[in-house]
Amino acid sequence: MSKTALLELAPWRALKEQRARWGSWTLETLFREHPGRATEFSAEACGIYLDYSKNWLTPEIFGLLLDLARACGLKERRDAMFAGDHVNRTESRAAFHAALRAPSGTVMCVDGENVVPQVQEVLHHMAEFTGNIHSGNWRGATGRRIRQVVNIGIGGSYLGPEMAYGALRQWRHPDLHVHFLANVDGAAFRDISRQMDPAETLFIVASKTFTTLETMTNARLARQWIAEALGEQAVPRHFVAVSTNAEAVRSFGMDPAHMFGFWDWVGGRYSLDSAIGLSTMLATDNGVFQEMLRGFHAMDCHFREAPLEQNLPVLLGMVAIWNNNFWDAESQAILPYAYDLARLPAYLQQLQMESNGKSIDMDGRQLQVRSAPIIWGEPGTDGQHSFYQLLHQGTRLVPCDFIGFCQPLSDLGDPHDLLMANMFAQAEALAFGKSDEVLRKEGVPEWQIPHRISPGNRPSNVLLADALTPYTIGALLGLYEHSVFTQGTIWNIDSFDQWGVELGKVLSQRILQDMRGETAHFHDGSTRSLLQRYHEKRHTSSAGE
Ligand code: F6P
């Protein structure tokens, strides 16, 4: 479908009209007119309750949003993705992450081949390895047990595992600590390596391509660190690889028998369920990992089968489209009221912004509408004491996703009620605010009133799950994955490529060669003078000067 077609679709045009005719309706008036709104605009699946009633929706707009999803071929494209078709058109690949969490025995084919047995085989290999590390069958070269694991990887080979390590904190193995080395910054390596004893450390080099420079540079540093401490022969006992590129793993000097494979139909930001999740399984155990996969799979089934009006990923995605494309929201805040989900905003940042941060559609045409919003956020209540001021009284519209859990994760009950009271209060305050009238009744001096008004009428979703469990985490991540897919489908975007990150990688290589004096590429005036200054100061300034 071309961009013109999107703008000309009847539901799109009707939504434009609805927006133009919106007038002075506010969330307050919407709730006043329809007291049953919270029930009407909420849905539940896989242990997650979504209340999207605090958005600028009417039954008519809601119906039009679903019509738009239908008109954009969401069902067909979803079915094509689950059928293993090459929905990643620009790379001519399937986007088949759903096969990673399909129960064994399911048949899911890519290019005529059932991939589920291969998936199960790798999961089995991961479980066996995890068992060996936990039992002490696999030890370091000196015979000491492995107690520290370092996942070396970046982007999708890091953000998912790091987020899951936090999210699954309660299920962590007591004697195993996982660290993450992503950034190519000696300070990061130094910091992590200071906390570890080489004899007890296992490195997982996690890279789909096994060519990513940050990862390979860190892997080489780690290899050197192990070799210097324990000798070259110790390397195989302290390194395993996760990759789709067996050849590159071999040429790096690692034993392919200690490689956990995956496939080109798994996108980096959709790879937590693959062997990229090895650190997650090691940090917990196979049972916990399987539970997470079960949650993902349940959400896959829900997305495939539930009618659109009750389909959580569709609802979340279409509400985001409404806010973004019809109300010009430029960003979206992810606000988990759970300490253990601290890295969820960063994970969702890659998921949405790398998937849908595009301005060309699937047919090579310039998009005429906004695509991915900027995703950002922090856990509550930390965010409340920093950026919520802008959410409540700033000049920008920032739709928020509040994510909370009914059950506490600790046995210290009181803080949980306070935490959740804060979450509900923030969503309420954003929607309904505080008027000058109320302030006046409270006796606030007239001059102060403008500063203290909270205008309200700011949209949000609340995602409320019973408890933060491995299953719920899987379901929650699956929900966002498919919501991102839903939005990409409306924009007719290839949500599974990421060509935009390539240029910077190529230029950094050229600049590195220039720095080493191997080449002298042409650069613009700004880059040239920055490089010159860097060159002059690089070896002369000392830290802190
Ligand atoms: O640079 C972006 C990217 O390609 C991401 O899509 C990916 O998750 C990340 O780099 C890491 O790639 P790899 O797993 O191949 O090292």
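The following paragraphs lead through two helices, two internal cavities and three points of backbone geometry in a predicted model.

Helix 7 covers residues 116-135. At 1.5 Å a residue, its 20 residues should span 28 Å, and the end C-alpha atoms are indeed 28 Å apart, so expectation and model agree. The buried residues of this helix are Val116, Val119, Val122, Leu123, Met126, Phe129, Thr130, Ile133 and His134. Viewed down the axis of helix 7, these buried residues fall within an arc of 155°, and therefore they line one face of the helix. The spacing follows a general rule: an α-helix has 3.6 residues a turn, so residues three or four places apart point the same way. On the face of helix 7 turned away from the buried side are the exposed residues Glu121 and His124.

The buried residues of helix 7 pack against both strands and helices. The strands are strand 4 (113-114), strand 7 (201-206), strand 8 (239-243) and strand 9 (259-261); the helices are helix 13 (278-283) and helix 14 (286-305). After helix 7 comes Gly136, with a positive phi near 90°.

Helix 21, residues 470-491, presents another case. Its 22 residues should span 32 Å at 1.5 Å a residue, and the end C-alpha atoms lie 32 Å apart, in agreement. Of the 22 residues in helix 21, 21 are buried, and the helix is thus mostly covered. The residue that follows helix 21 is Asn492, whose phi is positive and near 60°.

Helix 21 also leads to the internal space of the model. Rolling a probe the size of a water molecule over the atoms shows where empty space is left. Six cavities of 30 Å³ or more are counted, and the largest has a volume of about 110 Å³. This largest cavity is lined by 13 residues, of which Gln332, Gln352, Ile375, Tyr480 and Gln487 are the closest to its centre. At least two lining residues come from each of helix 15 (312-326), strand 10 (331-336), helix 16 (344-356) and helix 21. Helix 21 gives the most, with four residues. By class, the lining of the largest cavity comprises eight nonpolar, four polar and one charged residues.

The second largest cavity holds about 90 Å³ of space. Its lining has 13 residues, and those nearest the centre are Val319, Ala320, Asn323, Gln332 and Pro399. Helix 15, strand 10 and strand 12 (400-405) each give two or more residues to this lining, the largest share being the five residues from helix 15. The lining of the second largest cavity consists of seven nonpolar, five polar and one charged residues.

The remaining points concern the backbone. Most residues other than glycine have a negative phi, and most peptide bonds are trans. Against that background, the bond joining Gly380 and Thr381 is cis, with omega about 5°. Thr381 belongs to the loop between strand 11 (374-376) and helix 17 (388-393). Asp328, a residue other than glycine, has a positive phi near 60°. Asp328 sits in the loop between helix 15 and strand 10, and it is partly exposed, with a relative accessible area of 46%. Asn457 likewise has a positive phi, near 60°, and is located in the loop between helix 20 (449-452) and strand 13 (460-465). Its relative accessibility is 22%, so Asn457 counts as partly exposed.

Conventions
Residues numbered from 1 in each chain as written. Predicted model: local features only at pLDDT ≥ 70, side-chain atom pairs only at ≥ 80, totals over all residues. Heavy atoms only, no water. Expected span 1.5 Å × (residues − 1). Buried < 20%, exposed > 50% of the residue type's maximum accessible area, 1.4 Å probe, protein only. Arc of directions from axis to C-beta. Contact = heavy atoms within 4.5 Å. 1 Å grid on protein atoms, 1.4 Å probe; cavity = no way out; pocket = protein on both sides within 12 Å on 5 of 7 lines; lining within 4 Å. Points joined across faces, edges and corners; volume = space filled by probe spheres on them. Nonpolar A, V, L, I, M, F, W, Y, C, P; charged D, E, K, R; others polar.
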